[in-house]
Amino acid sequence: MSEQLPAPEFDAAQYERPGCKWICGRAAEGRPCRIGPSPGGDCRATSECTPALQIKSGETKGRWRCTRPKSAGGPCVEGSLPDGTCSHPIPRCQPVRSLRAKRALATLWTVAVTVGGLLVALYGNARWSFITPREVSSHHSGAAFEKSAKLAGRENNCSACHTAARRGPAGWIQVAFLAEPGPLDWRKLSSVPGKTMTRLDQACERCHTLHEFHQPNVVWNYSCSACHREHEGAGPMKAPASAECLSCHGEAATMQASVEKARTLPPEAFQYRTGGTRIAFQTPRPARGHTHVFHAFADHPEFQVVAEHLCDPDTLRFNHQTHLTGNIPLLDGHKLACADCHKPDATGTYMRPVTFEANCRSCHALQFDAKNPELQLPHGNAAAARAFLRSLPTQYADLGRRVKGITRQPALEEFVGQQMAAIRQQARAGEDLEREAFFNTARQGPDGRPRYAGCAYCHEVKPTGEGTPLVTPPMMPDRWLTGGRFDHARHATMACATCHDAQHSHETADVMLPSKQVCASCHSPQGGASSSCASCHNYHNTPLTVTDSAGTLHTADARPGK
């Protein structure tokens, strides 16, 4: 291929190079000189041309000829002066910087000022306020954080979380370049898996020792800072975005890898345990675990307790329908309602435990003598109830003094004798009365006379030969969905029957929890309530060390307060 030639009218002598730092001072007037300034910015203009001496054949002196180029008007009429100088001298000018030179100078000054300002800011007294992008959240400020930082041996500033902060700017640069991969290793940086654990995450774990990430069968631990964004302003830290959850739960390959890892772990690795005195409803782990692939609450799997029709294992005999719609005595002039037994705790989040003394005794008094309703069996201790029945004369004597006002001993003995005789008509012997008190399940005898139901009317009672019968204590869970959380206070404006179909519940085994569809009627774009993952779920576990089939230690889930 032939080399491209310049255009015929191209004049290299008048070509203004873009890289020149200086241009002719008369360029703004539209008439710059052909020579232009020197590289140092000095004007080199002298005359329009340099006359050439032309000596013809036979001449000795010759004549000066004008050499002004055609582009500048061609040879002048006047010609050169007798001494050979040009008759058209050019006045000198003051060269000016080119646009390229001005930009370079501006860039240089900007860099110098920026570097100087950074040095003053980073090494001055206001260093920490300068490098902090925004205020930290309330989780990482205040007295509680200061105390935990001191216990961990760190200062109450950036270095509490950013371990290299105390080293200063020089140390920051050193740490940055010693990182793996380094800031200039573009190939490795582009191949690093997203949201992996970093040195900053290790600083989080030094304080948050009971916050292992998620389930034991996660394929890889997610970065703390990927979900918990700090420096977003004062106040509570923002909840994790659903997109972070769906990066795993929305990927079929990741979920399948979790299934494979779970097969190497023992079953106890997935046992849920709640902290404090709360009783959790234990659900069996599905064959594939909780690895459904979904992308929003709309396609979230049905709650396990509903999908598998799980039952309440409590042995207490209770019928919600009878208490709400049956023909039972009124309570304080009105029919029983949910709120009569189920009352919120101080925070409104959970319901207080239902107890016999607070919720049942007003209707189910443990009396066994119609003439003396004040005399009632103790509740909650089978041995104490048996001892009470075997000391009836003493109990009647105490009743006579406290309630009947009998103070004279002969009258008191007569009262006790009358009551014991009446009891013997009801039960032929003490053993019969004791058996009735523990095992009777009917409120009416074979003769049609009313009777008082025994412990077995509500409880599971097992005989133990000659010893005290064994009464199975009720175990009423107050945490049903252990994989999520619920706040009753935020749903206080809703009727209980909207979520809990108690009026059609006949058995204790009925678990009256709403289905996902009931929740989605509000928690959806159409319903207006939040449907993010963080609205219901928490993800951190309390470490419980277990060993898999390969002998590798893992942490199981204990989830206090989850």
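Helices (H or I, at least four residues) and strands (E, at least two) are DSSP runs, numbered from the N terminus. The structure is a predicted model, in which local features need pLDDT of at least 70, side-chain atom pairs count only at pLDDT 80 or more, and totals for chains, interfaces and linings use all residues. Residues are numbered from 1 along each chain as its sequence is written, and side-chain values use heavy atoms, with hydrogens and water left out.

**Exercise 1. Identify the residues of the nonpolar surface patch of about 590 Å², and the helices that supply them.**

Step 1. Set the criteria. Patches consist of residues with over 30% relative accessible area and no salt bridge; like charges are joined within 9 Å, and nonpolar side chains (Val, Leu, Ile, Met, Phe, Trp, Tyr) within 5 Å. Accessible areas come from the Shrake-Rupley method with a 1.4 Å probe, and for residues only the protein chains shown count as cover.

Step 2. List the members. The patch is made by Ile173, Phe177, Leu184, Trp186 and Leu189.

Step 3. Assign the helices. At least two patch residues come from each of helix H4 (168–178) and helix H5 (186–191).

Step 4. Check one member. Ile173 is found in helix H4. Its relative accessibility is 51%, so Ile173 counts as exposed; the classes are buried under 20% relative accessible area, exposed over 50%, and partly exposed in between (1.4 Å probe, protein chains only).

**Exercise 2. Locate His231 and Asp332, and state the phi of each.**

Step 1. Recall the background. Most residues other than glycine have a negative phi, and most peptide bonds are trans.

Step 2. Take His231. Although not a glycine, His231 has a positive phi of about 60 degrees. It lies in the loop between helix H7 (224–227) and helix H8 (242–249).

Step 3. Take Asp332. Here phi is positive at about 55 degrees, and Asp332 is not a glycine either. Asp332 sits in the loop between helix H11 (320–325) and helix H12 (338–341). Because its relative accessible area is 73%, Asp332 is exposed.

**Exercise 3. Classify the crossing of helix H15 and helix H16 by angle and by hand.**

Step 1. Obtain the geometry. The axes of H15 (residues 392–404) and H16 (residues 409–426) come within 9 Å and cross at roughly 125 degrees. Axes are lines fitted to C-alpha atoms, for helices over the stretch in contact, and angles run from 0 to 180 degrees between N-to-C directions.

Step 2. Apply the classes. H15 is therefore oblique to H16; angles under 35 degrees count as roughly parallel, over 145 as roughly antiparallel, 65 to 115 as roughly perpendicular and the rest as oblique.

Step 3. Assign the hand. H15 passes H16 in a right-handed crossing. A crossing is right-handed if the near helix is turned clockwise from the far one by less than a right angle, and left-handed if anticlockwise.

**Exercise 4. Describe three of the eight salt bridges in the whole structure, with the accessibility of each partner.**

Step 1. Fix the criterion. A salt bridge is a side-chain nitrogen of Lys or Arg within 4 Å of a carboxyl oxygen of Asp or Glu.

Step 2. Examine helix H15. Arg402 and Asp398 form a salt bridge at 2.6 Å, N to O. Both lie in H15, four residues apart, about one turn of the helix. Arg402 is exposed at 55% relative accessibility, and Asp398 is partly exposed at 29%.

Step 3. Examine helix H17 (residues 430–439). Asp432 and Arg435 both lie in H17, three residues apart, about one turn of the helix. Their side chains meet in a salt bridge at 2.9 Å, N to O. Asp432 counts as buried at 19%, whereas Arg435 is partly exposed at 47%.

Step 4. Examine Arg490. Its salt bridge is with Asp487, and the closest N and O atoms are 3.8 Å apart. Arg490 is exposed at 71%, and Asp487 is partly exposed at 23%. Elsewhere, salt bridges that share partners join Arg386, Arg390 and Glu434 into one network.

**Exercise 5. Give the C-alpha separations for Ala509 with Cys311 and for His506 with Arg317.**

Step 1. Place Ala509 and His506. Ala509 is found in the loop between helix H18 (496–499) and helix H19 (516–520), and His506 is in the loop between H18 and H19.

Step 2. State the separations. Ala509 and Cys311 are 198 residues apart along the chain, with their C-alpha atoms separated by 4.8 Å. For His506 and Arg317, 189 residues apart along the chain, the separation is 9.8 Å.

Step 3. Add the accessibility. Ala509 is partly exposed at 27%, and His506 is partly exposed at 40%.
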